[in-house]
Amino acid sequence: MSYDSALTVFSPDGHLFQVEYALEAVRKGTCAVGVRGKDCVVLGIERKTVLKLQDPRSIKKIVMLDDHICVAAAGLTADARVLFDKARVECQSHRLTVEDAVSVEYITRYIATVQQKHTQSAGVRPFGISTLIIGFDSDKIPKLYQTDPSGIYSAWKANAIGRSSKTVREFLEQNYKPDMSRDDTVKLAVRSLLEVVQTGAKNIDIVVMDIDKIKTLEQEEIEQITKVIEQENAAEVLALTRG
């Protein structure tokens, strides 16, 4: 029997192959990074090179779900669009029903639940995306969550999804510090992406969310941060050489 032809059938060793194939689609997607600071949270993504006649403004990998919640995805972009539209409707439905904004964990759990339902129903396939969700709740503490195609969700201090995510996650584990300032948080997100993005700042997008505002960094700002990082790396190499 071919256990990968039906989503709802387990293999004898306990695998759902369609879910594992969806995870493989995530691993082939562009890299996305999330980093929590003391009073901010940062999302960074690897952006594919835009074709000469293509409008870069039409390609969005980081989107708002509500005024205080932002999300990025790795994997199949079309799947992400459909899932994010469902999440946006849920955010507005929650406001109408209880007259209050959703919490970051609530909308994360909702997204994970939709993903999980697509691992258990006949006639559908799993969403081929993982997501990084950032935001602030009423407690003013930055939040970062991840979901994956199986429907699992978890909270993180820093994490990476997509291409070479294991390498980036190891870099974050070595360099993450609690209660980082805004500048240090942004710099760590850019440095981690530079581990896998060979073309430098021009293929990186960064979004910084503070307690009361969200900002997308301009290309010139990312290039300035990249230059500072390169200077610091050069100084470290020079110090090691002299030592």
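Trainee: Hi! Strand 8 first: which residues are buried on its two sides?

Mentor: Ala158 and Ala160 are buried on one side of strand 8, and Asn159 and Ile161 are buried on the other, so both faces are covered. Keep in mind that this is a predicted model.

Trainee: Why would neighbours in a strand end up on opposite sides?

Mentor: Because side chains in a regular strand alternate between the two faces of the sheet.

Trainee: Nice. How does strand 8 pair with strand 1, and over how many bridges?

Mentor: The pairing of strand 1 with strand 8 is antiparallel, over four bridges. For one contact point to look up, Val35 has Ala158 in strand 8 as its bridge partner.

Trainee: And Val35, where does it stand in the largest nonpolar core?

Mentor: Val35 is listed with Val33, Val186 and Ile206 as the residues with the most contacts inside that core, which has 26 residues. The elements that each supply at least two of its residues are strand 1 (32-36), strand 8 (158-161), helix 4 (165-175), helix 5 (182-194), strand 9 (204-210) and helix 6 (219-242).

Trainee: Which of those gives the most?

Mentor: Helix 5, with five residues. And Ile206 touches, leaving aside residues up to four places away in sequence, a set that includes Val186, Ala189, Val190 and Leu193, along with Leu217 and Ile222.

Trainee: What about another core, apart from that one?

Mentor: There is one of 19 residues, and Val63, Leu83, Ala87 and Ile133 are among them.

Trainee: Switching to the open sheet: what's the strand order?

Mentor: Five strands, ordered 3-4-5-6-7, with antiparallel pairing. Strand 3 (62-66) and strand 7 (153-155) are the edges, each pairing on one side only. From one strand to the next, the twist averages 25 degrees.

Trainee: How many bridges join strands 4 and 5?

Mentor: Seven, between strand 4 (residues 69-75) and strand 5 (residues 129-136), in the antiparallel sense. Ala73, for instance, has Thr131 in strand 5 as its bridge partner.

Trainee: OK, pockets. How much space is in the largest one, and what lines it?

Mentor: About 290 Å³. It has 14 lining residues, and the closest to the pocket's centre are Lys60, Val63, Thr77, Arg81 and Phe84. Two or more lining residues come from each of strand 3 and helix 2 (77-98), and helix 2 has the largest share, with six residues.

Trainee: And cavities, how many of 30 Å³ or more?

Mentor: One, and the largest cavity holds about 40 Å³ of space. Its lining is made up of Lys61, Ala73, Ala74, Gly75, Leu76, Thr77, Ala80 and Ile129. Strand 4 and helix 2 each give two or more of those residues, and strand 4 gives the most, with three.

Trainee: So Thr77 lines the largest cavity and is listed for the largest pocket too. Good to know! Now Leu240: buried or exposed?

Mentor: Exposed, because its relative accessible area is 70% and the cut-off for exposed is over 50%. Leu240 is in helix 6.

Trainee: How far is Leu240 from Val63?

Mentor: They are 42 Å apart in space, C-alpha to C-alpha, and 177 residues apart in sequence.

Trainee: Last one: Asn203. Where is it, and is it buried or exposed?

Mentor: Asn203 is in the loop between helix 5 and strand 9. It counts as buried because its relative accessibility is 9%, and buried means under 20%. Not counting residues up to four places away in sequence, Asn203 touches Ile45, Glu46, Arg47, Lys48, Thr49 and Val197.

Methods. Residues numbered from 1 in each chain as written. Predicted model: local features only at pLDDT ≥ 70, side-chain atom pairs only at ≥ 80, totals over all residues. Heavy atoms only, no water. Pairing = 2+ DSSP bridges. Axes fitted to C-alpha atoms, helices over the stretch in contact; angles between N-to-C directions. Core = buried A, V, L, I, M, F, W, Y, C linked by side-chain atoms within 4.5 Å. Buried < 20%, exposed > 50% of the residue type's maximum accessible area, 1.4 Å probe, protein only. Contact = heavy atoms within 4.5 Å. 1 Å grid on protein atoms, 1.4 Å probe; cavity = no way out; pocket = protein on both sides within 12 Å on 5 of 7 lines; lining within 4 Å. Points joined across faces, edges and corners; volume = space filled by probe spheres on them.
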